[in-house]
Number of protein chains: 2
Amino acid sequence: MKALIISADEFEDTELLVPYYRLKEAGLEVVVSSMNRGTITGLHGYQVAVDKTLEEVDSGDYGILVLPGGKAPGSVRKQPKALAIARDFFTGNRPVAAICHGPQILASADLLKGRRLTCTASVAEEVKAAGGLYEDRDVVVDGNLVTSRQPADLPAFLRRMMEQVEAGTAVEAIVVIN
Amino acid sequence: MKALIISADEFEDTELLVPYYRLKEAGLEVVVSSMNRGTITGLHGYQVAVDKTLEEVDSGDYGILVLPGGKAPGSVRKQPKALAIARDFFTGNRPVAAICHGPQILASADLLKGRRLTCTASVAEEVKAAGGLYEDRDVVVDGNLVTSRQPADLPAFLRRMMEQVEAGTAVEAIVVIN
């Protein structure tokens, strides 16, 4: 399975890098996508290479979408291709893991109506206005959607994200056998 | 199982935080120890709470020791208690996972004679001088010792570190049953 991380400059470093290394630990190929080629720089100064621009991404190639937080989602949400990718994942019921400000992208893509989720406190009113059912918990799983609030929630976020990866890998194996 | 991370100011942020969150994901209690109470600050500005001073640590309480890199090992290696803790882990054949400059602490504790390991390139001569058998690979496992070179090696480092945790947890379960 391949994983897609969509982010931009001013990402929250641990919210991108911890899932990035975790997915690689599990043997997944991880592709980082942003508006431009080159590198993106986190709020704490970590630089991450951009593998593909948003325009180069074929969303069907990936088994999971990860949306880290920080200030990056504020610029990603303005990109129609990013919103189209998110919608493709929801349409296909493929897992989407978003943390902190990450759910802003899903709000802009109009994907939160009637969905249970969490996010950083400052984004709570916005996700409710978009029809989301906000809960103040370390992690919320609603179908294909896994959300967390902040870096301190990463252990629970990783645990639930990896459950989705394992379920997706099992489905892939069945498809290969058939 | 409980995990012990020993570090200090100017740690390499991802080399501490990525294993920290990974071990918590697996359900371990993770204790961070340093010279003083309060917080330690990484090279990229992340602050991590110190749970115990080195003097407060009873090394027998922990199933795995993690030694992140950055500049922190340069000060940790001057602490006799830190060296004594590392020696306790080796004496008990309990896992020790060290990355980047982390193996400097093991060199100061005189624990590297005849041991296969890796580390950041600038520390290679020093670990050889301490009797270590240096290899330039993403991860080297020699008995209880797991070592890696740099943040990019974290996926392999985590994979091998978690194998040691799982083996240790299995042993704990057997001890409980008996």
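Two residues are taken to be in contact here if their C-beta atoms, placed from the backbone, lie within 7 Å. On that footing, the interface in this predicted model draws 15 residues from chain A and 15 residues from chain B. On the chain A side, two helices, α1 (13-25) and α6 (154-177), each put in at least two residues. Of these, α1(A) accounts for the largest share of the side that touches chain B, with eight residues. Sorted by class, the chain A side comes out as seven nonpolar, five charged and three polar residues.

How the two copies sit relative to one another is simple to describe. Turning chain A by 180 degrees, with 0.0 Å of shift along the axis, lays it on chain B at an RMSD of 0.0 Å. The two chains are therefore related as by a two-fold axis. Both copies also use the same surface for the contact, given that 100% of the contact residues of chain A turn up again in chain B.

Turning to the fold inside chain B, there is an open sheet built from seven strands, and its pairing is mixed. Reading across it, the order runs β5-β2-β1-β6-β7-β11-β10. The edges belong to β5 (52-53) and β10 (139-142) of chain B, each of which has a partner on one side only. Further in, β7 (residues 96-99) and β11 (residues 145-148) of chain B run parallel to each other and are joined over four bridges. Within chain B, residue B:I99 faces B:S148 of β11(B).

Notes: Residues numbered from 1 in each chain as written. Chains lettered and ligands numbered in written order. Predicted model: local features only at pLDDT ≥ 70, side-chain atom pairs only at ≥ 80, totals over all residues. Least-squares fit on C-alpha atoms with pLDDT ≥ 70 in both. Nonpolar A, V, L, I, M, F, W, Y, C, P; charged D, E, K, R; others polar. Pairing = 2+ DSSP bridges.
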